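Here are some short exercises to help you find your way around a new structure. Try each task yourself before you read the solution.

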Amino acid sequence: MDAKNDQGILTITDSRTARSYEVPIQDGTIPATALRKIKTSDDDFGLLSYDPGFLNTASCRSAITFIDGEAGILRYRGYPIEELAVQSSFLEVAYLLVYGELPNEAELDEWTRTITHHTLVHENMRKFIDGFHHDAHPMGMLVSALAALSTFYPDAKDLLNEEQRKLQIVRLIAKIPTLAAFAYRHATGLRFAYPDNDLSYAGNFLNMMWKATELKYKPNPVFEHALDVLFILHADHEQNCSANVMRAVGSSRSDPYSAAAAASAALYGPLHGGANEQVLRMLNEIGSVSNVPAYIARVKKGEFRLMGFGHRVYKNFDPRARIIKKVADEVFEITGRNPLLDIALELERIALEDEYFVDHKLYPNVDFYSGIIYQTMGFPVEMFPVLFAIGRAPGWLAQWQEGLLDPEQKISRPRQIYVGERERHALAPEATPFD
């Protein structure tokens, strides 16, 4: 939520004791620990707030990403996503997320050059990936490879050294596309293609994915631009599941590679990074435009969810979905129309007009079109969460660094409400332990 800078006092009267308590309000929040003062007796622990899934709990103060779900607003460091997607490259946005400001020309050149020259990975990492079974999921390989990177860089544990921290950030942003492409090439039985320093960030990833026997791979500029925009749209999204994991692991002072591996594992789940894969499966299941009305009717009966519609944060529209439709048009001009697009457009048309979907605030989100674009560009569905991870890496690192440097933060350790058995005993009543 946006910091409102409103201050005041919340007065709470406990009906159990008739006592009143004053709790300070700041930035539209109350400190959860203030509830501990509300007790029924001196030996009472005090009240806890119960919030499964953190539906109404702010875990940190952040200056990175602002979202207004009601208005459909997404901003990185104050810049609207619509402007960044049009005017900036992914590496510019990565710099913005990490350092707080867009780079000038000299800063961008240095940033790009530094990342470009850190794209190679140790040859033992290639051997590590080669150790996976041929049908291992690329995302599983990426999670493992990110964790393994920490063993190559023991200096990453020097977290409070600013120069070391910057180096690890560069390394991770630079190497995650290499590890992702290596995982794909291993899964498909292709010889690994190494980074090409003459190419852009997105172009180099396409090179490592698709290079065959040609001496010099030349990425399709439309695909290159589309991938760059998709990475920007996925670069950060406030305190989402994987960012929360990145911060939680980082709060233990773990190195950023281990934290990124954990965040990637969170992204692996179908409710997070696997959502666009579920959209494709849904569209294939529908099969044709003529089947859309019957499918919609089943959704309204509650038989299943409409994948790629609605969002936990956005309540009226996802601003990223509007941008991604334009990217889709550019890609389809080159590749021809993906047959799934007609099904998707009909689903969108009906859902936006149907009273049921309007009332339930179900509208296309970023996942609805991204999977179609990725598939049209030639990426298998197993690579979708991997592509998400590449784009999200700068956001994870910005969140990790912000949490690390925030003096208010402590090691993440939520409370619980114990609902298990009361005290009971495994020993016979006459037995005395430790005799």
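**Exercise 1: A pocket and its lining**

The second largest pocket of this predicted model holds about 300 Å³ of space. Task: find which residues lie closest to its centre, and which element gives the largest share of its lining.

Step 1. The pocket is lined by 23 residues, and those closest to its centre are Leu91, Thr112, Ser200, Tyr201 and Ala202.

Step 2. Two or more lining residues come from each of helix 2, helix 3 (105-116), helix 6 (162-188), helix 7 (201-210) and helix 8. Helix 3 provides the largest share, with 5 residues.

Step 3. Sorted by character, the lining has 10 nonpolar, 9 polar and 4 charged residues.

**Exercise 2: Two positive phi angles**

Task: locate aspartate 27 and glutamate 238, and decide for each whether the residue is buried or partly exposed.

Step 1. Start with the background: most residues other than glycine have a negative phi.

Step 2. Aspartate 27, which is not a glycine, has a positive phi of about 55°. Look for this residue in the loop between strand 2 (19-26) and strand 3 (65-68). Its relative accessible area is 10%, under the 20% cut-off, so aspartate 27 is buried.

Step 3. Glutamate 238 has a positive phi too, near 60°. This residue sits in the loop between helix 8 (221-233) and helix 9 (241-250). With a relative accessible area of 24%, glutamate 238 is partly exposed.

**Exercise 3: Confidence**

Task: find where confidence is lowest and where it is highest.

Step 1. For the whole protein chain, the mean pLDDT is 90, and 96% of residues reach 70 or more.

Step 2. Helix 15 (residues 355-359) has the lowest confidence, a mean of 79, and helix 2 (residues 90-99) the highest, at 98.

Note on methods:
Residues numbered from 1 in each chain as written. Predicted model: local features only at pLDDT ≥ 70, side-chain atom pairs only at ≥ 80, totals over all residues. Heavy atoms only, no water. pLDDT = per-residue confidence, 0-100. Helix = DSSP H or I, 4+ residues; strand = E, 2+ residues; numbered from the N terminus. Buried < 20%, exposed > 50% of the residue type's maximum accessible area, 1.4 Å probe, protein only. 1 Å grid on protein atoms, 1.4 Å probe; cavity = no way out; pocket = protein on both sides within 12 Å on 5 of 7 lines; lining within 4 Å. Points joined across faces, edges and corners; volume = space filled by probe spheres on them. Nonpolar A, V, L, I, M, F, W, Y, C, P; charged D, E, K, R; others polar.
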